[in-house]
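Thanks for sharing this one. Here are a few notes to read with the structure open beside you.

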Amino acid sequence: MKVLKLSAQGLPQSWISLEQAVIHYASDEVRWEVGAQVAVFRGGHNAITGQQSQIVINSIIGTKGVPRINPFMQRPGLTNAKLFARDRNVCAYCGGHFHEEELTREHIIPFAQNGIDTWMNVVTACRPCNHRKSSRTPEQAGMPLLYTPYVPSLWEDFILRNRRILADQMEFLMAHLPQSSRLHG
Ligand SMILES: [Zn+2]
């Protein structure tokens, strides 16, 4: 399980471990928190009061400090896992739904025709379709795309890169997605 770390302004920064979250709390860097309480860490006992210190971790925290990520500069990195998640494991050519092991990163304009490896030139395809299309464009192969590629937004990227998102984190991130995002479907 990961904690969603945001800048003080509410922009997503990273998924962090509970241990990393504790450090932010202990350093007094947590400006605000939303979502559910997900863990409690107990520390030492106060010598005078005898009370045990504790840190309660929330699933979403806003932290002070200089944000590492500028949403206007950022282009999410392209990985197969995120690509398949963007396309919901559906082959762009036959429309079949597949397990990750049966899927490939398919270049719409193939490398052989100077296609490039970017979000806008890749779709998810099953192995047989990828093989059949080969080094041709969809037009040349007579295999029209069933959906179009797009570059995920910063918010969507945070959904795509974490397989175990808690319900409140998902709700928070989804609220920022454009209607055009396939993740709404
Ligand atoms: Zn297919």
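1. A good place to begin is Lys5, whose bridge partner in strand 2 is Ser14. On the side of strand 4, Lys5 stands opposite Ile61. Please keep in mind throughout that this is a predicted model.

2. Now step back to the strands around Lys5. Strand 1 (residues 3-7) runs antiparallel to strand 2, and 4 bridges join the two. Strand 4 (residues 52-63) is also joined to strand 1 by 4 bridges, but here the strands run parallel.

3. The turn deserves a look as well. Between strand 1 and strand 2 there are 4 residues, and the two strands form a hairpin. Within that turn, Gly10 has a positive phi of about 95°.

4. Is strand 1 mostly covered or mostly open? It is mostly covered, with 5 of its 5 residues buried. In a regular strand, side chains alternate between the two faces of the sheet. Here Val3, Lys5 and Ser7 point one way, while Leu4 and Leu6 point the other way. You may want to note that Lys5 is among the buried residues.

5. On to the aromatic rings, where the count comes to 2 aromatic pairs. The ring centres of Trp15 and Phe158 are 6.4 Å apart and the planes meet at 45°, so this pair is tilted. Trp15 belongs to strand 2 (residues 12-16) and Phe158 to helix 5 (residues 154-160), so the pair ties together parts that are 143 residues apart in sequence. Both Trp15 and Phe158 are buried.

6. The other pair is Trp155 with Phe172, also tilted, at 6.3 Å centre to centre and with 55° between the planes. Trp155 sits in helix 5 and Phe172 in helix 6 (residues 167-174), so this contact ties together parts that are 17 residues apart in sequence. Trp155 counts as buried because its relative accessibility is 12%, and the cut-off for buried is under 20%.

7. Which residues lie over the rings of Phe158 and Tyr150? Arg161 lies over the face of Phe158, at 4.2 Å from the ring centre. Phe158 is thus worth viewing from both angles, as it is also the partner of Trp15 in the tilted pair. For Tyr150, the charged end of Arg86 sits over the ring, 5.5 Å from its centre.

Notes
Residues are numbered from 1 along each chain as its sequence is written. This is a predicted model: local features need pLDDT of at least 70, side-chain atom pairs count only at pLDDT 80 or more; totals for chains, interfaces and linings use all residues. Side-chain values use heavy atoms; hydrogens and water are left out. Rings of Phe, Tyr and Trp (its six-membered ring) pair if their centres lie within 6.5 Å; planes under 30 degrees apart count as stacked, over 60 as edge-to-face and the rest as tilted. Buried means under 20% relative accessible area, exposed over 50%, partly exposed in between (1.4 Å probe, protein chains only). A charge sits over a ring if NZ of Lys or CZ of Arg is within 6 Å of the ring centre and within 35 degrees of the ring normal. Two strands pair if DSSP finds at least two bridges between them.
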